Amino acid sequence: MAQDYRELAAVFVGGAIGTLARAALQAVAVRDPHHWPWATFAVNIVGAFLVGYFTTRLLERLPLSSYRRPLLGTGLCGGLTTFSTMQVETLKMIEHGHWVMAMSYTVVSIVVGLLAVHLATKMVRRVRVRR
């Protein structure tokens with residue numbers, strides 16, 4: 001059986017684009033464990049919104065495609081978002097004694113991320129499908 005590498009290529013291309021976008025934002029952001037990490041927070045919330053949008057749109061609105069979801073969901077959103085950076089930033093806040101900010105950052109990131117997915121899903125479903 002022949003291996004289809006196009007799906008893997010779609011993940012790679014999407015991941016490269018997402019990672020470059022995140023790296024560009026992180027490059028201009030100031031990393032300071034005494035302040036809220038806005039760059040990471042922003043890419044994670046935008047990524048959560050895009051996951052909700054792409055997943056709903058691709059599964060409910062567009063014809064099936066073998067490459068859209070790997071390109072946009074797994075690749076782009078996977079490269080853009082960064083849970084591992086969020087964890088490191090949270091640990092640095094704790095190491096510097098900023099327990100309340102660390103807890104707030106974690107809880108707010110999760111709650112706002114889930115709300116972003118929910119909002120994107122509602123937005124896609126609200127648009128009428130033309131037939």
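Mentor: Before we start, a definition to keep at hand: a residue counts as buried under 20% relative accessible area, as exposed over 50%, and as partly exposed in between. Please also keep in mind that this is a predicted model.

Trainee: Thanks! Is glutamate 60 buried, exposed or partly exposed?

Mentor: Let's place its value between the two cut-offs, 20% and 50%. The relative accessibility of glutamate 60 is 39%. That value falls in between, so glutamate 60 counts as partly exposed.

Trainee: Which residue forms a salt bridge with glutamate 60?

Mentor: The structure holds one salt bridge. In this pair, the closest N and O atoms are 2.6 Å apart. A nitrogen of Lys or Arg has to lie within 4 Å of a carboxyl oxygen of Asp or Glu, and the partner that supplies the nitrogen to glutamate 60 is arginine 125.

Trainee: Which helices does that salt bridge tie together?

Mentor: We can look up each partner in turn. Arginine 125 is partly exposed, with 47% relative accessibility. The two partners are 65 residues apart in sequence. Arginine 125 belongs to one helix and glutamate 60 to another, so the parts tied together are α5 and α2.

Trainee: Stepping back, how many helices does the protein have?

Mentor: From the N terminus on, the elements run α-α-α-α-α. There are zero strands, and the count of helices is five.

Trainee: What share of the protein is made up of buried residues?

Mentor: The C-alpha atoms fill a box of roughly 55 × 35 × 25 Å along the principal axes. The protein has 131 residues, and the buried share of them is 31%.

Trainee: Could we look at single residues? Is glycine 75 buried or exposed?

Mentor: You will find glycine 75 in helix α3, which covers residues 68–80. In space, its C-alpha atom is 9.4 Å from that of alanine 9, although the two are 66 residues apart in sequence. The relative accessibility of glycine 75 is 2%, so this residue counts as buried.

Trainee: And how far is methionine 93 from methionine 103, C-alpha to C-alpha?

Mentor: Methionine 93 sits in helix α4, and at 1% relative accessibility this residue is buried. Methionine 103 is ten residues away along the chain. The separation of their C-alpha atoms is 9.3 Å.

Trainee: Methionine 103 also belongs to a nonpolar surface patch, I think. What is the area of that patch?

Mentor: Its members are Met103, Val107, Val111 and Leu115. One of them, valine 111, lies in helix α5, residues 99–126. A patch member needs over 30% relative accessible area, and valine 111 has 43%, so it passes as a partly exposed residue. Together, the four residues make a patch of about 380 Å².

Trainee: Now for the pockets. Which helix gives the largest share of the lining of the largest pocket?

Mentor: This pocket has a volume of about 240 Å³. Of its 17 lining residues, the closest to the centre are Arg31, Asp32, Pro33, Pro37 and Glu89. Helices α2 (38–60) and α4 (83–95) each supply at least two lining residues. The largest share is five residues, and it comes from α4.

Trainee: How many charged residues are in the lining of the largest pocket?

Mentor: We can sort the lining by class. Nine residues are nonpolar and four are polar. The charged ones number four.

Trainee: And which helix gives the largest share of the lining of the second largest pocket?

Mentor: About 190 Å³ of space lies in this pocket. Its lining includes Asn44, Phe83 and Ile110, and the elements giving two or more residues are α2, α4 and α5. By class, the lining has six nonpolar, six polar and no charged residues. The largest share, five residues, belongs to α2.

Note on methods. Residues numbered from 1 in each chain as written. Predicted model: local features only at pLDDT ≥ 70, side-chain atom pairs only at ≥ 80, totals over all residues. Heavy atoms only, no water. Patch = residues over 30% accessible without salt bridge, like charges linked within 9 Å, V, L, I, M, F, W, Y side chains within 5 Å. Areas by Shrake-Rupley, 256 points an atom, 1.4 Å probe, with all protein chains shown as cover. Salt bridge = Lys/Arg side-chain N within 4 Å of Asp/Glu carboxyl O. Helix = DSSP H or I, 4+ residues; strand = E, 2+ residues; numbered from the N terminus. Buried < 20%, exposed > 50% of the residue type's maximum accessible area, 1.4 Å probe, protein only. 1 Å grid on protein atoms, 1.4 Å probe; cavity = no way out; pocket = protein on both sides within 12 Å on 5 of 7 lines; lining within 4 Å. Points joined across faces, edges and corners; volume = space filled by probe spheres on them. Nonpolar A, V, L, I, M, F, W, Y, C, P; charged D, E, K, R; others polar.
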